[in-house]
Amino acid sequence: MKISTLLLIGALGTSTAAFGADAISAKDFVTKAGESGSAEVIMGKLGAQKATDADVKAFAQKMVADHTKANKELMAAAKAKGLEVPTEPGLMHKGMKEKFEHQAADNDFNEDFMEQMVKDHEAAVELFQTAANDTTLDPELRALAKKTLPTLQQHLADAKKLEAKFDKE
């Protein structure tokens, strides 16, 4: 099975479909956002280490910086609500990390990494969009989702541009 197929299977586990299209509980949002944010920091560090393309390395470093900041903000907001934020990625992201750790640092890594970043950020945008639009969600968590959403949307746009770069090669 090709690595991108395995990664697609893993990315499906981050969908908010299980929460419904219009609502998400505070606990579910904090859990999914925490797992996703932790995964992006870990994957970003791995990408910065193994990517052979300068643009992919720069993107990966941006993931580490931006998601570290967002994770801290999520932890502060969640703590104020008595909610615990996961500090490690979920099971599916742990599997993806292992696959990337064992993949050679070459152009295939760059392409597979960016493909995964697109999938991860599509799921993150969906999660944060759901939370931002959910009028039943805690107002502070909803505000955090609204504040973070533009950054995630920019990450997705950047990831798509880089992924397209490798599709042409």
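This is a short dialogue between a learner and a teacher on reading helices, aromatic pairs and loops in a predicted model.

Biologist: Let's start simple. What does the secondary structure of the chain come to?

Modeller: Keep in mind that we're looking at a predicted model. The chain has six helices and zero strands, so the pattern along the sequence reads α-α-α-α-α-α.

Biologist: And how much of the chain counts as buried?

Modeller: Of its 169 residues, 47% count as buried. Here's another figure for the whole chain: among contacts with a separation of 6 or more, 81% are between residues 24 or more positions apart.

Biologist: Okay, helices next. How do I read two of them packed together?

Modeller: Two numbers do the job: packed helices are described by the angle between their axes and the distance between the axes. Try H4, residues 91–102, and H5, residues 107–133. Their axes come within 11 Å and cross at roughly 165°.

Biologist: What does that angle tell me about H4 and H5?

Modeller: Angles over 145 degrees count as roughly antiparallel, and therefore H4 and H5 are roughly antiparallel to each other. Their crossing is left-handed.

Biologist: Which residues of H4 and H5 meet there?

Modeller: From H4 you have His-93, Met-96 and Phe-100, and from H5 there are Phe-109, Asp-112, Phe-113, Gln-116 and Asp-120. Sorted by character, the residues of this contact are four nonpolar, two polar and two charged.

Biologist: I see several Phe names in there. How do I read a pair of aromatic rings?

Modeller: The general idea is that a ring pair is described by the distance of the centres and the angle of the planes. This structure holds four aromatic pairs. One of them joins Phe-100 and Phe-109, with 5.6 Å centre to centre and 80° between the planes, which makes the pair edge-to-face.

Biologist: Are Phe-100 and Phe-109 buried or exposed?

Modeller: Phe-100 has a relative accessible area of 0%, so Phe-100 is buried. Phe-109 is buried too, with a relative accessible area of 0%. Phe-100 also pairs edge-to-face with Phe-113, at 6.1 Å centre to centre and 80° between the planes.

Biologist: Where in the chain do Phe-100 and Phe-113 sit?

Modeller: Phe-100 is in H4 and Phe-113 is in H5, 13 residues apart, and their pair links distant parts of the chain. Both of these residues are buried. Put the pieces together and Phe-100, Phe-109 and Phe-113 form one aromatic cluster.

Biologist: Can we try the helix reading again, with H2 and H5?

Modeller: Sure. H2 covers residues 26–50, and its axis comes within 11 Å of the axis of H5, crossing at roughly 160°. That makes H2 roughly antiparallel to H5. This crossing is left-handed. The H2 side of the contact includes Phe-29, Met-43 and Leu-46, while the H5 side includes Phe-109, Phe-113 and Phe-128. In this contact, 11 residues are nonpolar, four are polar and four are charged.

Biologist: And what about H3 and H5: at roughly what angle do their axes cross?

Modeller: They cross at roughly 35°, and the axes come within 11 Å. The crossing of H3 and H5 is left-handed. H3 brings Val-56, Phe-59, Ala-60, Met-63 and His-67, and H5 brings Asn-110, Phe-113, Met-114, Met-117 and His-121. Here the division is seven nonpolar, three polar and no charged.

Biologist: Last topic: loops. Where is Leu-83?

Modeller: Leu-83 lies in the loop between H3, residues 54–80, and H4. At 23% relative accessibility, Leu-83 counts as partly exposed, because buried means under 20%.

Biologist: What does Leu-83 touch, beyond residues up to four places away in sequence?

Modeller: Leu-83 touches Ala-26, Lys-27, Val-30, Ala-78 and Leu-141. Take Ala-26: its C-alpha is 8.2 Å from that of Leu-83, although the two are 57 residues apart along the chain.

Biologist: And Glu-88, where is that one?

Modeller: Glu-88 is also in the loop between H3 and H4. With a relative accessible area of 46%, Glu-88 is partly exposed. Leaving aside neighbours within four places in sequence, Glu-88 is in contact with Glu-35, Ser-38 and Lys-94. Glu-88 and Gly-37 are 51 residues apart in sequence, with 8.6 Å between their C-alpha atoms.

Definitions and conventions: Residues are numbered from 1 along each chain as its sequence is written. This is a predicted model: local features need pLDDT of at least 70, side-chain atom pairs count only at pLDDT 80 or more; totals for chains, interfaces and linings use all residues. Side-chain values use heavy atoms; hydrogens and water are left out. Rings of Phe, Tyr and Trp (its six-membered ring) pair if their centres lie within 6.5 Å; planes under 30 degrees apart count as stacked, over 60 as edge-to-face and the rest as tilted. Buried means under 20% relative accessible area, exposed over 50%, partly exposed in between (1.4 Å probe, protein chains only). Helices (H or I, at least four residues) and strands (E, at least two) are DSSP runs, numbered from the N terminus. Axes are lines fitted to C-alpha atoms, for helices over the stretch in contact, and angles run from 0 to 180 degrees between N-to-C directions. Angles under 35 degrees count as roughly parallel, over 145 as roughly antiparallel, 65 to 115 as roughly perpendicular and the rest as oblique. A crossing is left-handed if the near helix is turned anticlockwise from the far one by less than a right angle, and right-handed if clockwise. Contact means heavy atoms within 4.5 Å. Ala, Val, Leu, Ile, Met, Phe, Trp, Tyr, Cys and Pro count as nonpolar, Asp, Glu, Lys and Arg as charged, and the others, Gly among them, as polar.
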